[in-house]
Amino acid sequence: MAFLANLFGKKKKQQNDADIREDVLAEEGLTEEEIAAAEAAEAGLSVEIEAEPEVEAEPEAEAEPEVEAEPEVEAEPEVEAEPEVEAESEIEAEPEEDTTTKKSFWGRLKSGLTKTRNAIFAPVDNLLKAFTKIDEDLFEELEEILITADIGMAATEEILDELRERVKDGRLKEKEQVMAALREIITDMIGETQPLKLDTTPTVIMVIGVNGAGKTTSIGKISKRLRLRGKKVVVAAADTFRAAAIDQLAVWCERAQVEMVKQSEGSDPAAVVFDAIAAAKKKQADVLIIDTAGRLQNKKNLMNELAKMNRVIERELPDACRENLLVLDATTGQNAVSQAKEFRNAADITGITLNKLDGTAKGGIVISIKRELGIPVKFIGVGEKIDDMQEFDADDFVSALFGE
């Protein structure tokens with residue numbers, strides 16, 4: 001029967017006439033019964049041959065619509081789902097990231113304050129173990145420890161006076177109570193947290209500081225934090241004196257995703273401020289941040305420059321809320337306090353941004369600044385990345401300082 005199938009298959013491709021098939025079978029010397037059997041076999045074979053393409057054709061016909069249907073399924077999220085996901089991430093994801101960043105930040109701060117903690121409280125703990133009672137000798141030893149940790153002379157004297165007062169009125173009887181008393185006194189000395197005042201649109205933040213203190217990076221970090229809070233920020237590149245200052249600030253503004261207004265190097269800083277104010281008004285910005293040149297070595301030029309910029313601000317934005325942030329390097333210790341005193345003579349400093357607080361044994365400068373200058377710390381930084389800065393929180397700082 002295989003012979004017949006092959007034979008009929010070849011002839012079938014050429015013609016389908018039944019009479020021709022019979023002639024072919026006759027030429028092969030087949031009998032009528034064999035021809036009939038062959039026809040019957042052919043009929044059965046023809047059904048099978050025709051059925052196979054039909055079976056194959058059906059999945060092919062069904063597969064094509066399935067392939068075409070897939071883009072239709074993908075097209076539905078393109079219209080609605082994707083924008084909804086992006087909108088949710090923009091509104092909700094950033095605060096979640098900020099919360100996580102804050103936890104990570106204070107963890108790094110606690111680790112970074114290890115040197116300060118060891119410089120203050122490890123010696124105090126050893127001191128308390130060496131003394132059997134609270135007396136003047138203990139206070140003298142304690143004074144040396146606090147001054148060494150850059151808490152400063154004035155702040156140290158105030159702490160010791162308060163400790164003596166507590167001994168007199170009976171609140172401090174045991175040497176083990178000294179550590180708890182230190183925590184209370186330092187917490188009260190730092191005072192409550194004072195965030196930025198952003199009461200007007202726009203609010204003007206002028207950033208001041210010597211070169212190398214981290215002024216440019218601080219502007220980028222603060223700009224990003226404000227943007228994440230939903231604030232529209234414009235930055236004025238008014239440090240036209242230092243070479244490459246504008247280019248460096250442009251990099252940080254790009255990272256923070258905020259707009260920067262600039263002119264060429266050597267331009268009048270007050271002219272840059274004027275252009276930036278115009279841009280802030282046009283774009284209805286919430287915050288205008290102004291970079292300034294750190295000319296502490298020539299205080300007269302610095303004061304003249306700041307005064308000119310202030311006149312432009314007062315004329316163009318007479319009712320704007322103002323912040324003057326002084327950027328300091330914590331690793332310089334009491335030198336940073338001296339800088340703050342000099343800059344305070346050139347501008348009305350409303351807050352301190354304290355950088356490089358991690359990895360230094362001079363974290364006590366926070367206490368010294370508040371006590372000697374009466375200026376609150378508003379931002380602290382513990383690294384070079386754009387997220388390595390947070391608003392200063394007095395409770396969190398004291399907790400980190402005491403290793404809690």
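## Arg322 and its strand

Arg322 sits in strand S5, which covers residues 322–329. Keep in mind that this is a predicted model. Is Arg322 buried, exposed or something in between? Its relative accessibility is 24%, so Arg322 counts as partly exposed.

## Who Arg322 touches

Skip the residues up to four places away in sequence, and Arg322 touches Val204, Met206, Asn310, Ile313, Glu314 and Thr350. Asn310 gets an extra mention here: its side chain and that of Arg322 are joined by a polar contact of 2.5 Å.

Thr350, another residue on that contact list, is 28 residues from Arg322 in sequence. In space, the two are 8.6 Å apart, going C-alpha to C-alpha.

## The nonpolar core

Now for the greasy part. The largest nonpolar core has 105 residues. Which residues have the most contacts inside it? Those are Leu163, Ile289, Ile290 and Leu354.

Take Leu354 from that group. Leaving out neighbours within four places in sequence, Leu354 is in contact with Leu328, Ala330, Ile365, Val366, Ile369, Val377, Phe379, Ile380 and Gly381. Leu328 falls within the residue range of strand S5, 322–329.

## Cysteines

How many disulfides are there? The count comes to zero.

As for two of the cysteines, Cys253 has a relative accessible area of 3%, so Cys253 is buried. Cys321 comes in at 13%. The cut-off for buried is under 20%, so Cys321 is buried too.

Definitions and conventions: Residues numbered from 1 in each chain as written. Predicted model: local features only at pLDDT ≥ 70, side-chain atom pairs only at ≥ 80, totals over all residues. Heavy atoms only, no water. Core = buried A, V, L, I, M, F, W, Y, C linked by side-chain atoms within 4.5 Å. Buried < 20%, exposed > 50% of the residue type's maximum accessible area, 1.4 Å probe, protein only. Contact = heavy atoms within 4.5 Å. Helix = DSSP H or I, 4+ residues; strand = E, 2+ residues; numbered from the N terminus. Polar contact = N/O pair within 3.5 Å; in protein donor to acceptor, adjacent residues only side chain to side chain. Disulfide = S-S within 2.5 Å.
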